[in-house]
Amino acid sequence: RDVAVTEIRTNISSSPSYQQSYLPLPYPASEVAIDGRWRYEPEGRTLVGDNGQNTGGAQYEASSLIVEPTAEQLAAAGPPPRKLLNEYTQVPSSLPGVVAETAEEVTEGSANAYERAVKLQSWFASEGGFTYDTSVSSGTGSSAIARFLRDKEGFCVHFSFAMAAMARTLDIPSRVAVGFTPGTLQADGSYSVGLRDAHAWPELYFEGIGWTRFEPTPSRGSTPEYTLPETPTGDASDPAQPSAGASAAPSAVPSAPESCSPQMRRQGECGLSAAPGPTSPTDEGTPAGTVLLVVLGALLVLLLPLLPLLWRVRARNRRLGSGGRTPADAAARALAAWQEITDCAWDYGIAPDESLTPRKAAARIVRRGGLDITAGEAVHRIAGAVEQVLYAPEPRPAAGLTEDALTVRAGLEASAGRGARLRAKLAPRSAVRVAWAVSDRWAALVQRWTDRPGRGRWTARLRRLSRQHG
């Protein structure tokens, strides 16, 4: 409650050519008035377009907060919640050891998380010999951070990801935000924000204050006042204080141009950055496409190991979902339930045997899976329903197939060891069906192509490709 907070309202008009799913908003936004189909995501306090909704031509009004903590409040912040700490201090096992070692070296002697954060920011922005250069290749993966620390050349993506990773190794919850700097002041007092203003910066969490912006990139963005060595008092004779106009935050000494409105002064958008080196008006900034590609690449690296798990969950939900009420629908549900427990057993190391009847296959799953009586009876009920579909002249509809399939899954999980359970969940064997499906579609595509007349030389080439991908 002691942290200074000011609420402001901003009118925003998006160009028709700027068509993105994420709605640009001041952070933290507290209220948004906009037409269209938008979904609120609390993780980043932002809006995301639904069903094709994008930002093109959008006109909207946003209320947001200017949160102005003091250095003392940040230094006195208590420990973050355990769940948040666990999630936002994770680093990949592939992160080179030099990242944590450098973080420890740079922040040596710090008394708290706030002091460590300020030292990291200062090291990147001024003391570590880094150079802002948009021509440097961004690179991918954890090794890109180590290369950046070695070469000390890069743009905002390098600085923000490196500082966030180093903060995490110091047990400071951190994340990377992607957005825009304030843009260019216009004669009417508004700001023009373009793709040249795209930027990325780290946010570190402090309990009681929240996600707090830092600016490690030299000559980009603005250095927050709460990270400066001392808070300005207006006494120009004090050599320990930043000179008037060196900070982007409000100062007791007037330093903004006459066209800067009071609201802009409150937002801290009227001065130059406190980071070394003036912002050149010809600086094209970090290309928005590069920022987007790096973020998408990072997301892809995180999501790739989870693809088998996500496919397995989707397949299970589709097979066990409710269907229609016709006899054909009932038969399809029975076969889908059987497919589900067959794949579930496969995930736990019991490979399917297509030569067995459903009854014998069920007995095999019960025996090799070490199922108890309840799970075993569920397997046999589903097998009986499948035999009805396959062999009975008029199959009797079976009830409770979804519950039986879930009972079998729980039984297999209960009888398996910890390693087998993790393997079944994170790397399910049955996910190989995706590769089979892709191969079948590729073969069908090749067949359709070769069956068309006049393909000549392409036919042999496609066949070779088919064998290579087979």
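Let's start with Phe180, which is partly exposed, with a relative accessible area of 28%. Please keep in mind that we are looking at a predicted model. Which ring does Phe180 pair with? The partner is Tyr18: the two ring centres are 6.1 Å apart and the planes stand at 70°, so this is an edge-to-face pair. Tyr18 and Phe180 tie together distant parts of the chain, since Tyr18 lies in the loop between β1 (4-13) and β2 (29-33) and Phe180 in strand β8 (residues 174-180), 162 residues apart.

There are 13 aromatic pairs in the structure. In another of them, Phe206 and Phe214 have ring centres 6.2 Å apart and planes at 35°, so that pair is tilted. Both Phe206 and Phe214 are buried. Then have a look at the cluster that ring pairs build from Trp123, Phe124, Phe130, Phe148 and Phe159. Phe130 has a charged visitor too: the charged end of Lys152 sits over its ring, 5.5 Å from the centre.

Back to the loop between β1 and β2 for a moment, because Ser14 is there as well. Is Ser14 buried or exposed? Buried, with a relative accessible area of 13%. A polar atom of the Ser14 side chain lies 2.9 Å from the backbone oxygen of Thr55.

Now for the charges. Side chains of opposite charge can pair when their charged atoms come close, and this structure holds 10 salt bridges. One of them joins Asp343 to Arg319, at 2.8 Å from N to O. Here helix α10 (residues 327-347), with Asp343, is linked to helix α9 (residues 307-320), with Arg319, and the two residues are 24 apart in the chain. Asp343 counts as buried at 0% relative accessibility, and Arg319 is buried too, at 12%. These two also belong to a salt-bridge network with Arg316 and Glu340.

Further along, Asp404 and Arg381 meet in a salt bridge, again with 2.8 Å between N and O. Asp404 sits in helix α13 (residues 401-415) and Arg381 in helix α12 (residues 373-391). In this pair, Asp404 is buried at 8%, while Arg381 is partly exposed at 43%. For a bridge with two partly exposed partners, see Glu41 at 24% and Arg39 at 34%; their closest N and O atoms are 3.1 Å apart.

Let me finish on the surface. Leu292, Leu293 and Leu296 make a nonpolar patch of about 300 Å². Leu296 belongs to helix α8 (residues 288-303) and is partly exposed, at 45% relative accessible area. Thanks, everyone!

How values were computed
Residues are numbered from 1 along each chain as its sequence is written. This is a predicted model: local features need pLDDT of at least 70, side-chain atom pairs count only at pLDDT 80 or more; totals for chains, interfaces and linings use all residues. Side-chain values use heavy atoms; hydrogens and water are left out. Patches are made of residues with over 30% relative accessible area and no salt bridge: like charges are joined within 9 Å, nonpolar side chains (Val, Leu, Ile, Met, Phe, Trp, Tyr) within 5 Å. Accessible areas come from the Shrake-Rupley method with a 1.4 Å probe; for residues, only the protein chains shown count as cover. A salt bridge is a side-chain nitrogen of Lys or Arg within 4 Å of a carboxyl oxygen of Asp or Glu. Helices (H or I, at least four residues) and strands (E, at least two) are DSSP runs, numbered from the N terminus. Buried means under 20% relative accessible area, exposed over 50%, partly exposed in between (1.4 Å probe, protein chains only). Rings of Phe, Tyr and Trp (its six-membered ring) pair if their centres lie within 6.5 Å; planes under 30 degrees apart count as stacked, over 60 as edge-to-face and the rest as tilted. A charge sits over a ring if NZ of Lys or CZ of Arg is within 6 Å of the ring centre and within 35 degrees of the ring normal. A polar contact is a pair of N or O atoms within 3.5 Å; within protein, one must be able to donate a hydrogen and the other to accept it, and residues adjacent in sequence count only if both atoms are side-chain atoms.
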